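The exercises below ask you to read a protein model step by step. Keep the sequence and the picture side by side while you work through each solution.

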Amino acid sequence: MVDYGLFVEMPGGIDALLHISKIGKERVENLRDRYHPGDRIEVVVLEQKGRKVELATPEYVESLQEQS
């Protein structure tokens, strides 16, 4: 956990960043209020290029669909 997001361990040993801006509908001020090290969280893979993986939460993806 860092100030700008969460590192998520993906299958195959890939570490991916879930950026703080792609966590919720509303701005998240403090990740430690929502998550703790070792938590299991559901993520959506938005894009993958080699070992670079762009993640978001289902809540974030749902908010994008509501805006459309």
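A residue is called buried when its relative accessible area is under 20%, exposed when that area is over 50%, and partly exposed in between. The model used throughout these exercises is a predicted one.

**Exercise 1. Describe how helix H1 is oriented, using its buried and its exposed residues.**

Step 1. Begin with the buried residues of helix H1, which spans residues 58–67; these are Tyr60, Val61 and Ser63.

Step 2. Look down the axis of H1, and you will find that these buried residues fall within an arc of 155 degrees, so they line one face of the helix. As a general reminder, an α-helix has 3.6 residues a turn, so residues three or four places apart point the same way.

Step 3. Turn to the face that points away from the buried side, where H1 carries the exposed residues Gln65 and Glu66.

Step 4. Finally, ask what covers the buried residues of H1: the cover includes strand S3, which runs over 44–49, and strand S4.

**Exercise 2. Classify Tyr60, Met10, Gly13 and Glu29 as buried, partly exposed or exposed.**

Step 1. Tyr60, which lies in helix H1, has a relative accessibility of 16%, and because buried means under 20%, Tyr60 counts as buried. Setting aside residues up to four places away in sequence, Tyr60 touches Ser21, Lys22, Ile23 and Gly24.

Step 2. Met10 sits in the loop between S1 and S2, and its relative accessibility of 16% places Met10 among the buried residues.

Step 3. Gly13 is also found in the loop between S1 and S2, but at 49% relative accessibility Gly13 counts as partly exposed.

Step 4. Glu29 belongs to the loop between S2 and S3, and with a relative accessible area of 63% Glu29 is exposed.

**Exercise 3. Find which residues have the most contacts inside the largest nonpolar core, and which strands supply the core.**

Step 1. The largest nonpolar core has 13 residues, and those with the most contacts inside it are Met10, Leu18, Ile23, Leu31 and Leu55.

Step 2. Strand S1 (5–9), strand S2 (15–19) and strand S4 (52–56) each supply at least two residues of this core.

Step 3. Follow the contacts of Leu18 beyond four places in sequence, and you will meet, among others, Ile23, Ile41, Val43 and Leu55. With the same exclusion of neighbours within four places, Met10 is in contact with Ala16, Val43, Val45 and Leu55.

**Exercise 4. Compare separation along the chain with separation in space for Gly13 and Arg51, and for Glu29 and Glu54.**

Step 1. Gly13 and Arg51 are 38 residues apart in sequence, and their C-alpha atoms are 10.0 Å apart in space.

Step 2. Glu29 and Glu54 are 25 residues apart along the chain, while their C-alpha atoms are separated by 20 Å.

**Exercise 5. Describe the largest pocket by its volume and its lining.**

Step 1. The largest pocket has a volume of about 310 Å³.

Step 2. Its lining includes Met1, Phe7, Glu9, Tyr35, His36, Asp39 and Arg40.

Step 3. Sorted by class, the lining of the largest pocket has 7 nonpolar, 2 polar and 3 charged residues.

Note on methods:
Residues are numbered from 1 along each chain as its sequence is written. This is a predicted model: local features need pLDDT of at least 70, side-chain atom pairs count only at pLDDT 80 or more; totals for chains, interfaces and linings use all residues. Side-chain values use heavy atoms; hydrogens and water are left out. A nonpolar core is a set of buried Ala, Val, Leu, Ile, Met, Phe, Trp, Tyr and Cys residues joined through side-chain atoms within 4.5 Å. Buried means under 20% relative accessible area, exposed over 50%, partly exposed in between (1.4 Å probe, protein chains only). Helices (H or I, at least four residues) and strands (E, at least two) are DSSP runs, numbered from the N terminus. Contact means heavy atoms within 4.5 Å. On a 1 Å grid over the protein atoms alone, a cavity is a set of points where a 1.4 Å probe fits but cannot get out, and a pocket is an open set with protein on both sides within 12 Å along at least five of seven lines; lining residues have an atom within 4 Å of a point. Grid points are joined across faces, edges and corners, and a volume is the space filled by probe spheres set on the points. Ala, Val, Leu, Ile, Met, Phe, Trp, Tyr, Cys and Pro count as nonpolar, Asp, Glu, Lys and Arg as charged, and the others, Gly among them, as polar. The arc is that of the directions from the helix axis to the C-beta atoms.
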